[in-house]
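Let's take a friendly walk through a few helix contacts and one pocket. Have the structure open as you read.

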Amino acid sequence: MKRITCNSFFLLIVFFSASTCFAGLDEGLAAYKNHDFETALRELKPLAEQGNTIAQLRLGDMYAIGEVVKVDNEQALIWWTKAAENGNPEAQLQLGNAFNAGDRVKRNYAQAITWYRMAAEHGYVPAQFNLANMYTGNYSGIPKDDAQTIYWWQKIADEGSPDSASMLAERYSTGTGVPKDDVKAVHFWRIAAENNTVSKYEAAKQLGDSYYNGRGIAQNYVQAANWYRKAAKKFNGTPAMKALGNMYYHGIGVPQDYAQAITWYGEAAKANDSDAQMMMGNMYERGEGVPKNLVIACAWYDVVALYATKQLLIPALLGNALPLDMQKLLKQSLSSLIQNQKDAKERVAKQLTADQLLQAKDLAKAWTIGDLIPGIQTTRLAKDSAGEGCGQTGLFSDKLQEIDGPKGVAKVGSVADMTFDSNGNLFFTDQAYHTIREIKVNGEVVKVAGQSGEYGCNDGKRSEAHLFNPYGIAVDKNGIVYFYDHNMIRKVDLDGSVTTLAGVSKNQDVKDGKGKDASFWGYQVKITLGRDDNLYVGDQSGVRKVTPDGVVTTIAGLVNREQSIKDGNGVNARFNLIRSITVDQQNNIYVLDEGAIRKIGKNGDVTTIANSDPRAHDSKGSDWVAKHCSAASLAIDQKDNIFVSSVGTIRKIDPAGKVNALVDFKLDCYVRESSDTGYFSMPRSMAIDKEGNVYGFGINGLFKVSPIGKVSLVLDLAQNIK
């Protein structure tokens, strides 16, 4: 029988004592967390008296809040001080906060700094943050010290703190307390934006501004739109919503899309942004993205008058809180807006009857009390055939209806894309009405699929089907219509049945496969039909092939959704933002990638055959040094001539590379309309018939350009087929 030596017995005592100690601490902390303060007190008090700093901290907390024991501020401070003096950073923070706020002790900023510094030097981030703020000049008796503030914010930001990163970014962007440095500002905005905190939304907006203006980072409109979209998810993301509206309106960094523009302007308008409200009026007045409606336009102008006038009072109300130069700038901006509103209201009012003006006034009054948004009366959640939501809530007006019929009667909303079939009938996607429609050779307009003003993802026959956001369209030799809709490829058979060929609504993964096993990234995507009867999809930053039986493969780009312009073979190539896609007679694929025209050969090689600065104005040239701003669409005729549309211009590039302007109204890059053009300023979609006539759908409607450049209007947007 073995004997236990004295040493062994001593070690056993130590072991069991330590085990008991740790067990008591764990049990006490668990009880404290679960609000079982009676157990917590029983377990933690003996440990606190033995010098355990965690137990001392929590015991101080219980005295401070009066759980089980009577509230005793003196005892709370005693136990916090014991824990703090023994090096517990959380206790040091507690004492710092107490002296900072004058809570349980007399306010003493110097003592607060002492305790904050102890915790900060232990690397405790909350204390570092509070210590940095103590030197901002907002505390009586504590001199402002930008060096200390920046030093501690920098330490926290380097550890990924979004709040300190936001403050640093603001300092570097304005040059407050540090030399102005836009590159560092972008660096810290990114840290803040990529963290899951409230500050990420403001940081995302600032990153969007940086990318948009090329401030501190290379200008990239695509990235600007991406960051604005993230910022707009926040309820108060009004500036980002308005920025997105502007980008979709002008086609900057995203495909030009009036339906999307008016959706984002509408969101900003709901938050009482007068600029967005003004744009809502403009778009209803011109019929951009919605059918033209002067009553609703007038109502929006009345809303602008109310809110812009109220905003003029802001500088006076804020007084010295707003710098004089900012007061002056704000007054000038609002005064200009109010003058534009008066001009617009006068312009529209001349075209309305007295009853219509009263109707507009009633709509504006209803808007101001929150009952409705003029022109957007209903919000519904679209459903697919399985009963699941398409994933978005959509805004549309119950009162707006498309009209099919013969010449002089039919009306159209907002066309995203169009194509001819082999018989010369023109098919197009009408986003305003969530439908596929057809203009027959005789000029009659008929609905092919979808329900006017209602949208969803369910399949069905003709008007029994619901379309969500129909965009790119193609028609095969048999007359089957294919279209891209909300991350899906859908088709309309000859009997009018609408079915989903590939992809899943709302799923924006990038995945090859068959049918619903495949997924697409882009939201507003154009498609084309190859000479091999396969569909080719310009999926944002890559090209996908879809076979007639729904098998999807990636043939170029899209790896990790990387966005840049890089030539290479297949998936080794990179694309920035594909706006348009088409094929030539040899089945080579051409895409409009932001300001670049790129070719994908049958062997998969991607080459850039034309590039330009999207902000530069068009200029003529014998080779492709001609620059174009915000190019919108690409088409190829049967002779393999390439046609590119941009602002007020359609350019033709022959197979030898020679560039000529088929039409050039010499407009500025951001002109919306001009009396000189008569027909268009931004053709965002084009199709070419067998005779080589180029059809384009621009701001003012559907026009035709003959091979010699003669322009004629075929369809006046939201008005009549002529």
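## Helix 5 and helix 7

In this predicted model, helix 5 (residues 89-101) and helix 7 (residues 125-134) have axes that come within 10 Å and cross at roughly 30°. Angles under 35 degrees count as roughly parallel, and the two helices are therefore roughly parallel to each other. Their crossing is left-handed.

If you would like to find the contact on screen, look on helix 5 for Leu93, Asn97 and Asn100, which meet Pro126, Ala127, Asn130 and Met134 of helix 7. By class, the residues of this contact are four nonpolar, three polar and no charged.

## Helix 3 against helix 5

Helix 5 also has a neighbour in helix 3 (residues 53-65): the axes of this pair come within 9 Å and cross at roughly 35°. The crossing of helix 3 and helix 5 is left-handed.

Which residues make this contact? From helix 3 come Leu57, Arg58 and Asp61, and they meet Glu90, Ala91 and Gln94 in helix 5. Here the count is two nonpolar, one polar and three charged residues.

## Helix 6 against helix 7

Now turn to the packing of helix 7 with helix 6 (residues 109-121). Their axes lie 8 Å apart, at an angle of about 140°, and helix 6 passes helix 7 in a left-handed crossing.

On the helix 6 side you will find Tyr109, Ala112, Ile113, Tyr116, Arg117, Ala119 and Ala120, while helix 7 brings Ala127, Gln128, Asn130, Leu131 and Met134. The contact residues divide into nine nonpolar, two polar and one charged. Among the helix 7 residues here, Ala127, Asn130 and Met134 also take part in the contact with helix 5.

## The second largest pocket

Further along the chain, the second largest pocket is worth a visit, with a volume of about 1300 Å³. It is lined by 50 residues, and the closest to its centre are Thr419, Phe420, Asp421, Ile688 and Asp689.

Which elements give two or more residues to the lining? They are strand 3 (415-420), strand 8 (470-475), strand 13 (527-529), strand 18 (578-583), strand 22 (633-636), strand 26 (685-688), strand 28 (701-705) and strand 29 (711-716). Sorted by class, the lining of this pocket holds 23 nonpolar, 12 polar and 15 charged residues.

Note on methods:
Residues numbered from 1 in each chain as written. Predicted model: local features only at pLDDT ≥ 70, side-chain atom pairs only at ≥ 80, totals over all residues. Heavy atoms only, no water. Axes fitted to C-alpha atoms, helices over the stretch in contact; angles between N-to-C directions. Helix = DSSP H or I, 4+ residues; strand = E, 2+ residues; numbered from the N terminus. Parallel < 35°, antiparallel > 145°, perpendicular 65-115°, else oblique. Left-handed = near helix turned anticlockwise from the far one by under 90°. Contact = heavy atoms within 4.5 Å. Nonpolar A, V, L, I, M, F, W, Y, C, P; charged D, E, K, R; others polar. 1 Å grid on protein atoms, 1.4 Å probe; cavity = no way out; pocket = protein on both sides within 12 Å on 5 of 7 lines; lining within 4 Å. Points joined across faces, edges and corners; volume = space filled by probe spheres on them.
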